[in-house]
Amino acid sequence: MSRRFLFVLGSARAEGNTESLARKAAEQLPGDVEQDWIHLAENPLADFVDLRHDSDHVRPAADTPAGRALDATLAATDIVIASPLYWYSVSGLAKTYLDHWSAWLRIPEIDFRAAMAGRTLWGVAALAAVEPSVADPYVGTLNNSAAYLGMRFGGVLLGNGSGRGDVLRDTAALARAKTFFAQDAPLARFPHEVA
């Protein structure tokens, strides 16, 4: 399967620091790698309702935001959660997207867990803090989500920026963006599984 990247933009504003950093990293992908970009603020998913034990689980219609997100996710070899660091984790928009994975796991004809196994999850985030460890909960959310589904995890590209365009002055982040998607992405493991 040739590589196809899905960029899930979880910022509440368009063309913010996180998206700018994600686009800088995406520019480095080979020309034959397909890219799909979903702006969750422009295509909001409905609030997730946990119906695991209450109903039949049907695939969302293709012409709905959830159906488009599901189809794009299944078509991707690499999924990039591009969300600013909001209160030390992913944004509400990005979290809702990840919550929908719970529903997709229960659609019998998809076998979402098997479909996602072996694919790669990445993260891109702008944060206002200088200390990268404040993003540890963000990294943990993505790593553990990947581990649960048997995915690979390429890590999170972090850049510093609060005001519009700030991240484009973060020379260290821009340097990391040049090789971020070229790195090896190991199979994700829960922290308790790592020796």
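# Exercises on a predicted protein model

Buried residues (under 20% relative accessible area; exposed means over 50%, partly exposed in between, with a 1.4 Å probe and protein chains only) make up 46% of the 195 residues in the protein chain. This is a predicted model, where local features need pLDDT of at least 70 and side-chain atom pairs count only at pLDDT 80 or more, while totals for chains, interfaces and linings use all residues. Residues are numbered from 1 along each chain as its sequence is written, and side-chain values use heavy atoms, with hydrogens and water left out.

## Exercise 1: the overall fold

Work out what pattern the protein chain follows along the sequence, and how its radius of gyration compares with the globule rule.

*Solution.*

Step 1. Start with the secondary structure: the protein chain has 6 helices and 5 strands. Helices (H or I, at least four residues) and strands (E, at least two) are DSSP runs, numbered from the N terminus.

Step 2. Now go along the sequence, and you get β-α-β-α-β-α-α-β-α-β-α.

Step 3. The radius of gyration is 16 Å, close to the 16 Å that the globule rule gives for 195 residues, so the protein chain is as compact as a globular protein of that length. The radius is taken over C-alpha atoms, and the rule is 2.2 Å times the number of residues to the power 0.38.

Step 4. Finish with contacts (heavy atoms within 4.5 Å). Take those between residues at least 6 apart in sequence: 79% of them join residues at least 24 apart.

## Exercise 2: helix α1

Find out how many residues of helix α1 are buried, and what covers them.

*Solution.*

Step 1. Helix α1 covers residues 17–26, and 8 of its 10 residues are buried, so α1 is largely enclosed by the rest of the structure.

Step 2. Put names to them: Asn17, Thr18, Glu19, Ser20, Leu21, Ala22, Ala25 and Ala26.

Step 3. The cover over these residues includes β1, β2, β3, β4, β5 and α6 (171–177).

Step 4. Look at the loop between β1 and α1, where you'll find Glu15. Glu15 isn't a glycine, yet its phi is positive, about 55°. With 59% relative accessibility, Glu15 is exposed.

## Exercise 3: one face of helix α5

Check whether the length of α5 agrees with its number of residues, then say where its buried residues lie around the axis.

*Solution.*

Step 1. Helix α5 (residues 136–148) has 13 residues, which should span 18 Å at 1.5 Å a residue; the end C-alpha atoms are 18 Å apart, so that agrees. The expected span is 1.5 Å times one less than the number of residues.

Step 2. The buried residues of α5 are Tyr138, Leu142, Asn143, Ala146 and Ala147. Seen down the axis, they fall within an arc of 160°, so they line one face of the helix. That arc uses the directions from the helix axis to the C-beta atoms.

Step 3. Among the elements covering this face are β3 (78–82), α3 (92–104), β4 (120–127) and β5 (152–160).

Step 4. Zoom in on Tyr138, which has 0% relative accessibility and counts as buried. Outside its neighbours within four places in sequence, the contacts of Tyr138 include Ile81, Tyr88, Val124 and Val156.

Step 5. After α5 comes Gly150, with a positive phi near 70°.

## Exercise 4: aromatic rings

Classify the pairs Phe7–Trp37 and Trp87–Tyr88: which is stacked and which is edge-to-face?

*Solution.*

Step 1. A pair of aromatic rings is described by the distance of the centres and the angle of the planes. Rings of Phe, Tyr and Trp (its six-membered ring) pair if their centres lie within 6.5 Å; planes under 30 degrees apart count as stacked, over 60 as edge-to-face and the rest as tilted.

Step 2. The structure holds 12 aromatic pairs. In one of them, Phe7 and Trp37 sit 4.0 Å centre to centre with 5° between the planes, so they're stacked. Phe7 lies in strand β1 (residues 4–9) and Trp37 in strand β2 (residues 34–39), so the pair ties together parts that are 30 residues apart in sequence. Both are buried: Phe7 has a relative accessible area of 0%, and Trp37 has 16%.

Step 3. Trp87 and Tyr88 are 6.2 Å centre to centre with 75° between the planes, which is edge-to-face. Here Trp87 is exposed at 79% relative accessibility, and Tyr88 is partly exposed at 43%.

Step 4. Phe7 and Trp37 also belong to one aromatic cluster with Phe5, Trp122, Phe180 and Phe181.

Step 5. Arg23 lies over the face of Trp37, 3.9 Å from the ring centre. A charge sits over a ring if NZ of Lys or CZ of Arg is within 6 Å of the ring centre and within 35 degrees of the ring normal.
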